[in-house]
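The following exercises concern one protein chain and are accompanied by worked solutions. Please study the sequence and the structure before attempting them.

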Amino acid sequence: MRRHRFDPGSLLAGLLFLAVAGVYLAGGFGDHAVVPAEILVPAVFIGLGVVGLVRVLTRSRRREP
């Protein structure tokens, strides 16, 4: 199998989705939701925006000589 470059954007996106899943899992054990959807949905979009920014910055840095 061929090796590929390390992609920090994919790693951050995966960690973000794991955190969101963990929040929902923890909320399922109690009587009320840990984080309401009105807060969680924008937080996910902000997190994906940060991941996109990291990807752009790391790709532009790789292309410089």
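Helices are DSSP runs of H or I with at least four residues, numbered from the N terminus. The model examined here is predicted.

**Exercise 1.** Determine how many helices and strands the chain has, and what share of its residues is buried.

*Solution.* Step 1: the secondary structure consists of 2 helices and 0 strands. Step 2: of the 65 residues in the chain, 15% are buried. Step 3: the accessible surface amounts to about 5600 Å², and carbon and sulfur atoms account for 69% of that surface.

**Exercise 2.** Locate Phe-6 relative to helix H1, and decide whether Phe-6 is buried or exposed.

*Solution.* Step 1: helix H1 covers residues 8-28, and Phe-6 lies in the segment before that helix. Step 2: a residue is called exposed when its relative accessible area is over 50%. Step 3: Phe-6 has a relative accessible area of 55%, and is therefore exposed. Step 4: Phe-6 also belongs to a nonpolar surface patch, together with Leu-11, Leu-12, Leu-15 and Leu-18. The accessible area of this patch is about 500 Å² in total.

**Exercise 3.** Compare the span of H1 with the expected value, and establish how its buried residues are arranged around the helix axis.

*Solution.* Step 1: H1 contains 21 residues, and its first and last C-alpha atoms are 30 Å apart. This is close to the 30 Å expected at 1.5 Å a residue. Step 2: the buried residues of H1 are Pro-8, Gly-9, Ala-13, Leu-16, Val-20 and Gly-27. Step 3: viewed down the axis of H1, these buried residues fall within an arc of 140 degrees, so they line one face of the helix. Step 4: an α-helix has 3.6 residues a turn, so residues three or four places apart point the same way. Step 5: the exposed residues Leu-18, Leu-25 and Gly-28 are on the face of H1 turned away from its buried side.

**Exercise 4.** State how far apart Gly-47 and Ala-13 are in sequence and in space, and classify each of them as buried or exposed.

*Solution.* Step 1: Ala-13 is part of helix H1, whereas Gly-47 is in helix H2, residues 37-63. Step 2: the two are 34 residues apart in sequence, with 7.9 Å between their C-alpha atoms. Step 3: buried means under 20% relative accessible area. Step 4: Ala-13, at 17%, is therefore buried, and Gly-47, at 15%, is buried as well.

**Exercise 5.** Find the C-alpha separation of Gly-14 and Val-51, and that of Ala-13 and Val-50.

*Solution.* Step 1: Gly-14 and Val-51 are 37 residues apart along the chain, and their C-alpha atoms are separated by 9.9 Å. Step 2: Ala-13 and Val-50 are also 37 residues apart along the chain, with a C-alpha separation of 9.2 Å. Step 3: Gly-14, a residue of helix H1, is partly exposed, with a relative accessible area of 30%.

Definitions and conventions
Residues numbered from 1 in each chain as written. Predicted model: local features only at pLDDT ≥ 70, side-chain atom pairs only at ≥ 80, totals over all residues. Heavy atoms only, no water. Patch = residues over 30% accessible without salt bridge, like charges linked within 9 Å, V, L, I, M, F, W, Y side chains within 5 Å. Areas by Shrake-Rupley, 256 points an atom, 1.4 Å probe, with all protein chains shown as cover. Salt bridge = Lys/Arg side-chain N within 4 Å of Asp/Glu carboxyl O. Buried < 20%, exposed > 50% of the residue type's maximum accessible area, 1.4 Å probe, protein only. Expected span 1.5 Å × (residues − 1). Arc of directions from axis to C-beta.
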